[in-house]
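User: Please take a close look at the nonpolar interior of this chain, and set it in the context of the whole model.

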Amino acid sequence: MRRETGLYPNEVTVISLLPVFADKQALGEGKCVHVYAVKLGFLCEAKVVNSLISMYGRCCAVYAACQLFEAMSFKNLVSWNSVIAVHVQNGLSEEGIYRFNNMRIAGIEPDRATIVTLLQAFGDLAAIRPGRAIHGYIIGSGFNLDVPVGTALISVYSKCGSLDASYKLFIEMNNPDRITWTSMLASYSMHGHGREAIDCFNLMVKKGIRPDHVTFTHVLNACSHSGLIDEGKMYFESMPKDYGVTPQIDHYSCMVDLLGRSGLLDEARELIESMPMEPNAGVWGALIAACRVQRNIKFGKEVAERLIALEPSDPRNYIILSNMYSAAGQWKEASEVRALMRARGLRKVPGYSYIEHGGKVHCFVVGDESHPESKQIYVKLGELIVKIVNAGYVPNTEFVLHDVDEEVKKDMIYKHSEKLAIAFGILVNGTAIPIMITKNLRICGDCHSAAKFISLVEKCAIVVRDSKRFHHFANGLCSCGDYW
């Protein structure tokens with residue numbers, strides 16, 4: 001336009017360009033347009049600033065987005081929606097909720113976009129009470145329970161461990177679209193209800209809703225979480241043949257996960273070798289996770305080396321290899337991997353578990369003593385350990401990946417973040433209502449076993465959402481059937 005016509009861009013041109021850079025994660029080009037907008041005085045237009053905030057947020061430049069927002073002389077509803085979305089989309093849900101509260105204080109009433117973003121925040125935090133409150137607000141404020149809002153609510157209830165509430169909402173919705181059907185299917189998948197997910201998919205197709213690549217990702221995930229090998233293979237093969245959906249890299253990753261979890265490592269490797277595209281870190285990550293579960297260190301080392309070559313700055317690749325060595329008692333090799341990690345300036349992402357209580361999210365890390373009620377929590381945890389040991393629980397110290405004495409290992413494993421969060425939940429809420437725990441990493445095998453025993457001796461329900469799926473513990477059993 002500039003070269004062939006001599007026309008100069010205006011505010012509309014800038015607003016049109018910025019989403020393109022956001023889609024492509026082209027932060028450098030976005031900054032250039034920002035500079036251009038400053039030179040031509042476009043930042044006096046709220047629409048331009050709002051677009052810049054959104055672009056920076058989608059490119060993970062949260063600080064830059066916040067600087068722009070704070071500098072605005074007049075913040076309209078779109079401005080507030082943009083900065084709330086920036087935080088929620090970048091995993092800063094608590095800050096997003098804080099911004100929403102400030103918006104209300106400023107006298108700005110939310111719209112549908114605000115509500116959908118806020119629901120995402122509550123789902124990410126597994127904060128079911130505020131989620132229910134917003135549900136009530138939606139009804140009381142006259143918002144129609146339309147498809148976007150209803151779909152967001154389905155996701156919130158599912159992420160908060162209430163699959164029944166998700167299903168109830170789903171069947172009450174008028175004319176759910178493909179995204180809503182996929183959200184319900186994803187809910188079944190997340191909770192490990194593979195058969196129900198397949199039934200949902202079949203009913204969706206029967207209703208004339210055509211599945212897309214996202215739908216199939218969740219179907220294959222559901223099969224993987226439930227060990228439905230034949231069904232997973234069938235749906236993978238039917239994608240291009242029956243539905244015209246070409247398998248993408250995410251679908252291959254799901255299939256590698258399905259095969260690997262089931263012990264079919266050679267078949268998973270053959271599938272990777274047959275892929276029409278280069279396998280990415282997600283595909284190799286699925287395979288190395290399977291190697292760890294199957295305790296195949298030799299194959300795992302080979303896969304880890306590929307992962308480290310692909311993503312040398314991702315600490316998770318070093319950690320999983322080091323953990324495999326540690327679990328096998330190969331302490332020297334584990335130490336060498338950790339040393340390499342330190343030499344490259346990489347740090348492990350700490351594991352944490354959190355629980356909502358009293359309108360706040362309480363976060364715990366291993367051996368945590370920072371909580372105001374720390375003494376009472378450890379007393380309660382000690383009582384629980386005694387009870388479950390008497391009931392037959394034996395601590396599995398192989399999950400302590402340090403070369404220390406057995407008694408030290410037991411002490412370390414007793415203080416895992418999941419156990420601290422469960423003890424806090426029982427301490428403050430009792431056992432009459434389910435205890436909902438969210439964890440940023442995969443739950444360890446010993447905490448999984450301990451949660452089963454605690455649910456048995458305390459006669460309570462415990463729900464743990466880890467990075468992979470939900471675990472519902474009750475009467476000494478887990479909904480995953482010890483397959484996760």
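**Charges, fold and cores**

Analyst: The 51 positive and 51 negative charges of the chain have mean positions that lie 2 Å apart. These values come from a predicted model.

For the setting, the chain contains 25 helices and six strands. Along the principal axes, its C-alpha atoms fill a box of roughly 75 × 55 × 50 Å. The radius of gyration is 24 Å, which agrees with the value near 23 Å that a compact globule of 484 residues would have. Of contacts between residues at least 6 apart in sequence, 62% join residues at least 24 apart. The accessible surface comes to about 23,400 Å², and carbon and sulfur atoms supply 54% of that area.

Turning to the interior, buried residues account for 48% of the 484 residues. The largest nonpolar core has 107 residues, and the members that touch the most other members are Ile-53, Leu-119, Val-256 and Leu-287. Helix H18, residues 281–293, gives this core its largest share, eight residues. Leu-287 can be followed outward through its contacts: leaving out residues up to four places away in sequence, Leu-287 touches Val-256, Leu-265, Ala-268, Ile-272, Phe-299 and Val-303. One of these partners, Val-256, is itself listed with Leu-287 among the core members that touch the most others.

There is also a second, separate core, made up of 31 residues, including Ile-355, Ala-423, Cys-460 and Cys-478.

Cys-480 is a residue to inspect towards the end of the numbering; it is found in the segment after strand S6, which spans 477–478. Cys-480 has 7% relative accessibility and so counts as buried, the cut-off being under 20%. Beyond its neighbours within four places in sequence, Cys-480 is in contact with His-448, Arg-469 and His-471. The C-alpha atom of Cys-480 is 8.0 Å from that of Phe-470, a residue 10 places away along the chain.

A polar residue can be examined in the same way. Ser-183 is found in helix H12, residues 178–190. Ser-183 counts as buried because its relative accessibility is 13%, with the limit at under 20%. Setting aside residues up to four places away in sequence, Ser-183 touches Thr-151, Ile-154 and Ser-155.

Definitions and conventions: Residues are numbered from 1 along each chain as its sequence is written. This is a predicted model: local features need pLDDT of at least 70, side-chain atom pairs count only at pLDDT 80 or more; totals for chains, interfaces and linings use all residues. Side-chain values use heavy atoms; hydrogens and water are left out. Helices (H or I, at least four residues) and strands (E, at least two) are DSSP runs, numbered from the N terminus. The radius of gyration is taken over C-alpha atoms; the globule rule is 2.2 Å times the number of residues to the power 0.38. Buried means under 20% relative accessible area, exposed over 50%, partly exposed in between (1.4 Å probe, protein chains only). Contact means heavy atoms within 4.5 Å. Accessible areas come from the Shrake-Rupley method with a 1.4 Å probe; for residues, only the protein chains shown count as cover. Lys and Arg count as positive and Asp and Glu as negative; His and the chain ends are not counted. The place of a charge is taken as NZ of Lys, CZ of Arg, CG of Asp or CD of Glu. A nonpolar core is a set of buried Ala, Val, Leu, Ile, Met, Phe, Trp, Tyr and Cys residues joined through side-chain atoms within 4.5 Å.
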